[in-house]
Amino acid sequence: MELKLPFDLKDVKPGEFSYLTKRILTNREGEETGKLFIWRKTGEEEYNYVMICPYCGGEQGGATVFTRRPYRIRCSKCDKSVVIPKLKNEGKKKKK
Ligand SMILES: [Zn+2]
């Protein structure tokens, strides 16, 4: 099960993306059955993603603006809400 990206990572120029990461997604049993790739182009609000749903194995992609944590993507095939593991560059703005 491999996730296909709409671009080649070798073609990515430095500074082209402000965010780019790959995540492993787990199902309710904790098995690593899904994958997620999220990226955001520099200067854009929206995150783009491609995902293999950990619950149904359905592959899909789209663009979204995350507003509330935890961030979720709803699978268009099985309608389950997939929680995205915390993004690394979050929470740096506000320190308690
Ligand atoms: Zn699904």
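Which residue takes a positive phi in the hairpin of strand 2 and strand 3? Good morning, colleagues. The residue in question is G43, whose phi lies near 90 degrees. That hairpin has five residues between its strands. Please keep in mind throughout that what you see is a predicted model.

Allow me to begin with the sheet. Four strands make up an open sheet in the order 1-2-3-4, and their pairing is antiparallel. At its edges lie strand 1, covering residues 17–26, and strand 4, each of which pairs on one side only. On average, neighbouring strands of this sheet are turned by 15 degrees against each other, direction ignored. As a general point, side chains in a regular strand alternate between the two faces of the sheet.

I turn now to the pairing of strand 1 with strand 2. These two strands run antiparallel and are joined by nine bridges. Within this pairing, I24 stands opposite K35 of strand 2. The two strands also form a hairpin with five residues between them. In the turn of that hairpin, G30 has a positive phi of about 85 degrees.

Next comes the other pairing of strand 2. Strand 2, residues 32–41, is joined to strand 3, residues 47–52, by five bridges, and the two run antiparallel. K35 appears here again, with I52 in strand 3 as its bridge partner. K35 therefore has a place in both pairings, opposite I24 and partnered with I52. Further along, W39 has N48 in strand 3 as its bridge partner.Let us move on to the loops that follow. P70 is found in the loop between strand 4, residues 59–64, and strand 5, residues 72–74. What is the form of the peptide bond from R69 to P70? That bond is cis, with omega near -5 degrees.

The loop between strand 5 and strand 6, residues 81–83, holds D79. D79 is not a glycine, yet its phi is positive, at about 65 degrees. Is D79 buried or exposed? D79 is exposed, because 9 other C-beta atoms lie within 10 Å, and a residue counts as exposed with 12 or fewer.

To close, I would return to the two hairpins. G30 lies in the turn between strand 1 and strand 2, while G43 belongs to the hairpin of strand 2 and strand 3. Thank you for your attention.

Conventions
Residues numbered from 1 in each chain as written. Predicted model: local features only at pLDDT ≥ 70, side-chain atom pairs only at ≥ 80, totals over all residues. Buried ≥ 20, exposed ≤ 12 C-beta atoms within 10 Å, placed from the backbone. Pairing = 2+ DSSP bridges. Axes fitted to C-alpha atoms, helices over the stretch in contact; angles between N-to-C directions.
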